[in-house]
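This report walks through a single protein chain. Cysteines come first, then a pocket, the nonpolar cores and a few individual residues.

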Amino acid sequence: MKPFRYERAVDAAGAVATVAAHPGAAFLGAGTNLVDHLKLGITSPDLLVDVSRLPLDQVEELDGGGLRVGANVRNADLAAHPAVRSRYPVLSQALLSGASGQLRNLATTGGNLLQRTRCAYFQDSSTPCNKREPGSGCAALEGWTRYHAILGASSHCVAVHPSDMAVAMAALDAVVVTLGPDGERRVPVTDFHRLPGDAPHRDTVLRHGELITAVELPPLPYAARSRYRKVRDRASYAFALVSVAVALDLEDDGRTVREARIALGGVAHKPWRAERAEQALRGRPATEESCRTAADAETADAHPLRDNAFKVPLLQNTLVAVVRDLVPETPGRETPGSLEDAR
């Protein structure tokens, strides 16, 4: 591990000024992702500015019924918060499926969003990786691709974003609040992460020295009818093969979709907002047929790799199942908002 200097921030503005003034500086939160990469030699900042003790650890009510989640709110606390459980159950479910209890007790909201989009080759310094060393190539293209992207990838990178929380937030139209050298900025979470293009080393739209201070969840009454489902290789904690977050607004007949918010995980370099599926469902009864049509529309441009063609039907079937679970008239389905899927 390369030696580095350490400073503890006393306020957000000071932390931003310090990091912005040093090209080799980085923020340190809980460190659940960054410290691993320091040990592996994947990243080597010369200065770490610790922001973990800044007073950004509260969940606060917003005017109109939304919530403001401080960047240092622990994942365990956010998942257990009564307002989140009742008004945004999809978020609780995603957080509970995302990691072990020990990690949830440590990991933060801001840090979760800033997890590196990565695959096994990114963490193996003996292989070429455009995320680790721009221009060196992508070992995954000719390697093991079971977990890799089927949507929005490029010839430069086929890794997928690992966060479960971010998928739920994409479905909820959350907004990331940041503080940078030029002041505060608000970025929709759907625009916060980047597709790889020819610059996969840039995971987000953050500028150097820009610090996440909060995430705001807008008032979305029908988010109370929401669900997160994660499909993985084992029942213990693992990255998603595919995941689906859905919030559904139904007409008075209890079957016709008035509005839908859908986001997908495990399939792209960023949490994938399923706008085609949303459009296909609006104004239609949530029948098996209409859900299949929506799933087909969303995966029409999928480009699976050698080892992950199974992700296309797996994603389609999971999307259909989650939407159908949220329709009360569907026989044999679980109660909307249940946390059962996350256990």
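## Cysteines without partners

The sulfur of Cys157 lies 5.7 Å from the closest cysteine sulfur, which belongs to Cys138, and that is too far for a bond. This is a predicted model. Cys157 is buried, at 5% relative accessibility. Cys119 is also without a bond: its closest cysteine sulfur, in Cys129, is 6.1 Å away, too far. Cys119 counts as buried, at 16% relative accessibility. A disulfide needs two cysteine sulfurs within 2.5 Å. By that rule the count is 0 disulfides.

## The second largest pocket

Cys119 turns up again here. The second largest pocket holds about 260 Å³ of space. It is lined by 13 residues, and the closest to its centre are Arg118, Cys119, Ala120, Tyr147 and Phe239. What is the character of the residues in the lining of the second largest pocket? The lining divides into 9 nonpolar residues, 2 polar and 2 charged.

## Nonpolar cores

The largest nonpolar core has 39 residues. Those with the most contacts inside it are Leu78, Tyr88, Leu91, Leu113, Met169, Leu172 and Leu217. Several elements give two or more residues to this core. The helices in that group are H3 (75-80), H4 (82-87), H5 (89-98), H8 (165-171) and H9 (189-192). The strands are E5 (67-70), E8 (211-217) and E10 (242-250). Which element gives the largest share of this core? Helix H8 does, with 7 residues.

Leu217 shows how parts of the chain meet. Neighbours within four places in sequence are left aside here. Leu217 is then in contact with Leu62, Gly66, Leu67 and Val69. Its other contacts are Tyr88, Leu91, Met169, Leu172 and Ala174. Tyr88, Leu91, Met169 and Leu172 are themselves among the residues with the most contacts inside the core.

Apart from this core lies another, of 31 residues. Leu248, Leu281, Val322 and Val327 are among them.

## After helix H8

Asp173 is found in the loop between H8 and strand E6 (175-180). What sets its backbone apart? Asp173 has a positive phi of about 60°, although it is not a glycine. Most residues other than glycine have a negative phi. Asp173 is partly exposed, with a relative accessible area of 28%.

Pro188 lies in strand E7 (residues 183-188). At 34% relative accessibility, Pro188 counts as partly exposed. Beyond its neighbours within four places in sequence, Pro188 is in contact with Ala174 and Val175. Ala174 is also one of the contacts of Leu217.

## Three threonines

Thr178 lies in strand E6. Is Thr178 buried or exposed? Thr178 is buried, with a relative accessible area of 0%. Setting aside neighbours within four places in sequence, its contacts include Gly183, Glu184 and Arg185. Leu206, Glu210, Leu211, Ile212 and Thr213 are in contact with Thr178 as well.

Thr117 and Thr127 both sit in a loop. Thr117 lies in the loop between H7 and H8. Thr127 lies in the loop between helix H7 (109-113) and H8. Thr117 is buried, with a relative accessible area of 0%. Thr127 is buried too, at 16%.

Which residues does Thr117 contact, leaving aside neighbours within four places in sequence? They are Lys131, Ala159, Val160, His161, Pro162, Asp203 and His269. Thr127 touches Tyr121, Arg132 and Ala139, not counting residues up to four places away in sequence.

## Separations in sequence and space

The table sets sequence separation beside the C-alpha to C-alpha distance for four pairs.

| Pair | Apart in sequence | C-alpha to C-alpha |
|---|---|---|
| Thr127 and Ala139 | 12 residues | 6.3 Å |
| Pro188 and Arg146 | 42 residues | 30 Å |
| Thr178 and Arg225 | 47 residues | 29 Å |
| Thr117 and Ser290 | 173 residues | 33 Å |

Thr127 and Ala139, at 6.3 Å between C-alpha atoms, are also a contact pair.

Definitions and conventions:
Residues numbered from 1 in each chain as written. Predicted model: local features only at pLDDT ≥ 70, side-chain atom pairs only at ≥ 80, totals over all residues. Heavy atoms only, no water. Core = buried A, V, L, I, M, F, W, Y, C linked by side-chain atoms within 4.5 Å. Buried < 20%, exposed > 50% of the residue type's maximum accessible area, 1.4 Å probe, protein only. Helix = DSSP H or I, 4+ residues; strand = E, 2+ residues; numbered from the N terminus. Contact = heavy atoms within 4.5 Å. 1 Å grid on protein atoms, 1.4 Å probe; cavity = no way out; pocket = protein on both sides within 12 Å on 5 of 7 lines; lining within 4 Å. Points joined across faces, edges and corners; volume = space filled by probe spheres on them. Nonpolar A, V, L, I, M, F, W, Y, C, P; charged D, E, K, R; others polar.
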